[in-house]
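Please look over the sequence and the structure before reading on. The report after them is meant for someone new to this structure.

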Amino acid sequence: MDSANEKAVQITSGPSITNITGNSATINWTTNSPGANHVQYRIAGSNSAWKSAYHSGGGTSHSIQLTGLEPGKTYEWQILTRDGDLRTAGKFQSAATANGTAPDVNASSNAAAGTPAQGAGDTGNGAKVPLYRSSNAAGNLHAYTTNAAEQSANGFHSEGTTGFIMSSQGSGTVPLYRMTGGNGDTLLTIDGNERSSMQAHGYRDAGIAGYVSSSQASGTQPLYRLSNANGDAHFYTTSASERQQFQSQGFKDEGTVGYVWSQQ
């Protein structure tokens, strides 16, 4: 199947996560035409490498076991195309003990337009603002702001809009904190503990940029975060190809910050 046809495949039921124990779970979904059986997963909010579950051949009925889980942890997962583009994503909780069980999770991607995925809350309504991206002349540092006038500040030039975030908090959204390093780097995080620790490392607290969805809802897409080897340059994108491009340049994948909207 070529790339265009693979991207056109739609999930028609599910995903559901079943047979959840402390160390494994099974994710199930069906599609309207044959597609890839590709899932990646890891402990939610961690910087660990994604684990990958993949079955060649595809089909319309998909079922993949996620193994090597730790008991009592929240896991984030993504169903991908063969090229690594996102189909849908979500989270589930492993059982409290290795031999215990946890309730099945229905993470259906087929909610009506404007209806959030399970656990996302009512994130579809409210004012959204652009999250602008800029880079310095060397292209090794990036800045992120919702203030259009800041795009060209301090020698940076505009690279367009990364996505859209809420201007006020609603159900299912969390604050996106913005911090700036002495070198001009921008750090975005939803983790209050990281916000505090990075201040101790010389980053200046620039407040709350806006609000992002804590899990994938209708109209949202993952905001990926990467950092260079020194950890003093961060890059954020919703593009799987840009993510791969920066990884090839030595940037480390730091997972998903949250979920931003693709349009206002």
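The sections below cover the chain as a whole, one pocket and one arginine.

## The chain as a whole

This is a predicted model. The protein chain contains 3 helices and 17 strands. Of its 264 residues, 48% are buried.

Contacts in the protein chain with a separation of 6 or more include many between distant positions: residues 24 or more positions apart account for 64% of them. The accessible surface amounts to about 11,700 Å², and carbon and sulfur atoms hold 45% of that area.

## The second largest pocket

Rolling a probe the size of a water molecule over the atoms shows where empty space is left. In this model, the second largest pocket holds about 360 Å³ of space. Its lining is made up of 20 residues, and those closest to the pocket centre are Gly45, Ser46, Ile190, Thr256 and Val257.

Which strand gives the most to the lining of the second largest pocket? Strand S17, residues 252–261, does so with 6 residues. Sorted by class, the lining has 9 polar, 7 charged and 4 nonpolar residues.

## Arginine 82

Arginine 82 sits in the loop that runs between strand S5 (74–80) and strand S6 (86–93). Is arginine 82 buried or exposed? Arginine 82 counts as partly exposed because its relative accessibility is 34%, a value that falls between the 20% limit for buried and the 50% limit for exposed.

Arginine 82 and glutamate 6 are 76 residues apart along the chain, and their C-alpha atoms are separated by 7.4 Å.

How values were computed. Residues are numbered from 1 along each chain as its sequence is written. This is a predicted model: local features need pLDDT of at least 70, side-chain atom pairs count only at pLDDT 80 or more; totals for chains, interfaces and linings use all residues. Side-chain values use heavy atoms; hydrogens and water are left out. On a 1 Å grid over the protein atoms alone, a cavity is a set of points where a 1.4 Å probe fits but cannot get out, and a pocket is an open set with protein on both sides within 12 Å along at least five of seven lines; lining residues have an atom within 4 Å of a point. Grid points are joined across faces, edges and corners, and a volume is the space filled by probe spheres set on the points. Helices (H or I, at least four residues) and strands (E, at least two) are DSSP runs, numbered from the N terminus. Ala, Val, Leu, Ile, Met, Phe, Trp, Tyr, Cys and Pro count as nonpolar, Asp, Glu, Lys and Arg as charged, and the others, Gly among them, as polar. Buried means under 20% relative accessible area, exposed over 50%, partly exposed in between (1.4 Å probe, protein chains only). Contact means heavy atoms within 4.5 Å. Accessible areas come from the Shrake-Rupley method with a 1.4 Å probe; for residues, only the protein chains shown count as cover.
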